[in-house]
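Open the model in your viewer and keep a selection box ready. The tour goes stop by stop, with something to select at each.

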Amino acid sequence: MVQPIVEVRNLRKTYGDKVAVDDVSFAVEPGEIFGILGPNGAGKTTTVETLAGLRHADGGTVRVLGIDTQRNPGAVRDHLGVQLQEAALHDKITVGEALRLFAAFYDDPADPDELLELLDLTPHAGVQFARLSGGQRQRLSIALALVGNPRVAILDELTTGLDPQARRSTWDLVERVRATGVTILLVTHFMDEAERLCDRLVVIDGGRVVAEGTPAGLIDGLESERTVVVRFAAEDAPRARGVLDELAARHPDVLRVDDAGAATEVAVTGSRRVLFALVPALAEADLVPEDVRTVTKSLEDVFLAVTGRQYDPQAGDAQQLEGARS
Amino acid sequence: MTTTAPAPTAARTGSWRGFGRLLRTETAVWLRDFAAPFFGILFPTVILLGVGLAIPGMRDPITDAPPDSVWYGLTPVATYLPTVLAMAVGTASLTVMPVTIATYREKGVLRRLSTTPMRPQGIVVAHLVINAVTTVVGAALALVVGQLVFGFVAPEQLGVVVLSFVLGMAAMFTLGMLVAAVAPRASAANAIAMSLYFPMLLLAGLWTPGPIMPEVLRQIGQFTPLGAAAQSMTTAWFEQGFPLLQLIVMAVWTVVALPVAIRLFRWS
């Protein structure tokens, strides 16, 4: 087992009688993109801010590069890059000035010009912060987190407020950064972002870790039900529904048949072998499907399975804290 | 990108590496704001010229004072000089610096710096330096321009004038830091600063300089940092006595309020 580069154990943080982080533990290995996923107010940001030594934990330990950042936050700052949620620069500082300024704080900084190039900011080097677009600000924010040549970078909600194209190019960028050897701790409330980028992740809800693993592993670990949606020609659809209802009643691998939205579509849910039962039954009745597709499970289904409720990324703090206490 | 990074050591918890760059960058960015450099540097001169040139009689020697008084024969605009110097001290320390720092707190700049090896104190010190230099430049400009336009008598006690100016800066920057410490937002810092700034200008003699200040204002003013600075400089410039009370008042403001400001200061 590789020595973890970031380690959080039984972290707890309260504000008055509000529990922001109840009990969070995870370990990040060198070179990973590790996700902290959960709805707003779940305790993700508090977790990483405590990790970065910006907040005092009420309980538990946090270690970065083997150093307890609660006791000795100064010792890791040269090697830990942090991108906080909100923009934090003077309106009139230019992109180039900001990067050179932050580079001056570090022992062994990256070349600001190379970073500008990596983050597609070279054409904007002379532009003042207030005039940057949302995507450009995010890229600058990432550049500032990386300018110290960190071994670990914390990126908090880096695609919030970006349009789809800017989100996708930011994702590419994160992968490029990881390719340079930086371990990345990615905080996000976007399921698709976590699924696309993370090697491993924890799902946090109400201040607790409710699931942990690789995105694929978490999805595969869901109960073994599969759903197949079959579309028929309009004239075949009523007969097909009858055949499938009858199949569900007699075949152990077929559990139920539901409407799938359109009148010509039927959703067949059963065991992992549901497709094997479905195809011979359709062949026997000479029902030729227009289209057959399996319904893909996602991290949203994982969230539903572990918390018992639909994933709502905007779920407010109060509600989540309430959940943490009960 | 990172493989050559040395293993972290527990030795250093705070660092001022890059402070020179921070000071240069903050100065460059600060100069891009028109208002801050204008008020800090030009405002005292503008007020001195405005008062001296626009108000009738300001350049005519005083003849209605007793002939043996120190004021006899001076121009009213000359008696205004200590007030203008006090104003230079009050403007940068109270109206510019606290708002800058509160803005940085509100925008998360102080917090962002906390995650780097540079301590957020660095940016506070940078703005103390910038505004202290502004104050001195603003005061010097007012003196030079005022001398060229109006001509002034030399100070009776130059050392005490300088001491009063320096202690006034210490007391007023401490007060500005106190405002920066307690104001939750830039707008609040501005409101608090303005509600202190104008009464202080009144007590420093903006409307009733030197010899024409009513006794009650003088009595109150001597216990405020800016009023004490103006009175102390007036005494040192034109009279013979030593403004002991005023100098002590400024020192006490500094010594008492500075630890409070440091204690109350919030980084986020």
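Buried means under 20% relative accessible area, exposed over 50%, and partly exposed in between, with a 1.4 Å probe and protein chains only. Helices (H or I, at least four residues) and strands (E, at least two) are DSSP runs, numbered from the N terminus. This is a predicted model, in which local features need pLDDT of at least 70 and side-chain atom pairs count only at pLDDT 80 or more, while totals for chains, interfaces and linings use all residues. Residues are numbered from 1 along each chain as its sequence is written, chains are lettered from A and ligands numbered from 1 in the order in which they are written, and side-chain values use heavy atoms, with hydrogens and water left out.

**Stop 1: chain A, whole**

Select chain A. It has 11 helices and 14 strands. Its C-alpha atoms fill a box of roughly 75 × 45 × 40 Å along the principal axes. Of its 326 residues, 53% are buried. Contact means heavy atoms within 4.5 Å. Take the chain A contacts between residues at least 6 apart in sequence: 68% of them join residues at least 24 apart.

**Stop 2: helix 5 of chain A**

Select residues 164–179 of chain A. This is helix 5, with 16 residues. From first C-alpha to last it reaches 23 Å, close to the 22 Å expected at 1.5 Å a residue. The expected span is 1.5 Å times one less than the number of residues.

Which residues of helix 5 of chain A are buried? Colour A:Ala166, A:Arg167, A:Thr170, A:Trp171, A:Leu173, A:Val174 and A:Val177. They cover an arc of only 160° around the axis, so they sit on the same side of helix 5 of chain A. The arc is that of the directions from the helix axis to the C-beta atoms. Now turn to the other side: A:Pro164, A:Gln165 and A:Ala179 are exposed there.

What covers the buried residues of helix 5 of chain A? Show strand 3 (33–37), helix 3 (112–118), helix 4 (134–146), strand 7 (152–156), strand 8 (183–188) and helix 6 (191–197) of chain A; the cover includes these. Then step past the end of the helix. A:Gly181 follows helix 5 of chain A, and its phi is positive, near 105°.

**Stop 3: A:Phe26**

Select A:Phe26, in strand 2 (residues 18–28) of chain A. Buried or exposed is the question for A:Phe26. At 4% relative accessibility, A:Phe26 is buried. Leave aside neighbours within four places in sequence, and the contacts of A:Phe26 include A:Val8, A:Phe34, A:Ile36, A:Leu185 and A:Val202. Measure to A:Val62 as well: it lies 36 residues from A:Phe26 along the chain, with 9.7 Å between the C-alpha atoms.

**Stop 4: between the chains**

Show both chains. The contact takes 44 residues from chain A and 33 residues from chain B. About 3,500 Å² is buried between chain A and chain B, and carbon and sulfur atoms give 57% of that area. Buried area is the accessible area (1.4 Å probe) that two parts lose on being put together, summed over both. Pick A:Arg77, A:His90 and A:Phe105: in chain A they lose the most area to chain B, together 19% of what that side buries.

**Stop 5: chain B, whole**

Select chain B. It holds 11 helices and 0 strands. Its C-alpha box is roughly 80 × 35 × 35 Å along the principal axes. Of its 268 residues, 53% count as buried.

Zoom to B:Thr174, in helix 7 (residues 158–182) of chain B. B:Thr174 is buried, at 4% relative accessible area. Beyond neighbours within four places in sequence, B:Thr174 is in contact with B:Trp253, B:Thr254, B:Ala257, B:Leu258 and B:Ala261.

**Stop 6: rings**

Rings of Phe, Tyr and Trp (its six-membered ring) pair if their centres lie within 6.5 Å; planes under 30 degrees apart count as stacked, over 60 as edge-to-face and the rest as tilted. The structure holds 12 aromatic pairs over all chains. Select B:Phe38 and B:Phe39, an edge-to-face pair at 5.4 Å centre to centre with 85° between the planes. B:Phe38 is partly exposed at 24%, and B:Phe39 is partly exposed at 35%. Add B:Phe34 and B:Phe43 to see one aromatic cluster with B:Phe38 and B:Phe39.

Finish on an arginine over a ring. A:Arg137 lies over the face of A:Phe129, 4.5 Å from the ring centre. The criterion is NZ of Lys or CZ of Arg within 6 Å of the ring centre and within 35 degrees of the ring normal.
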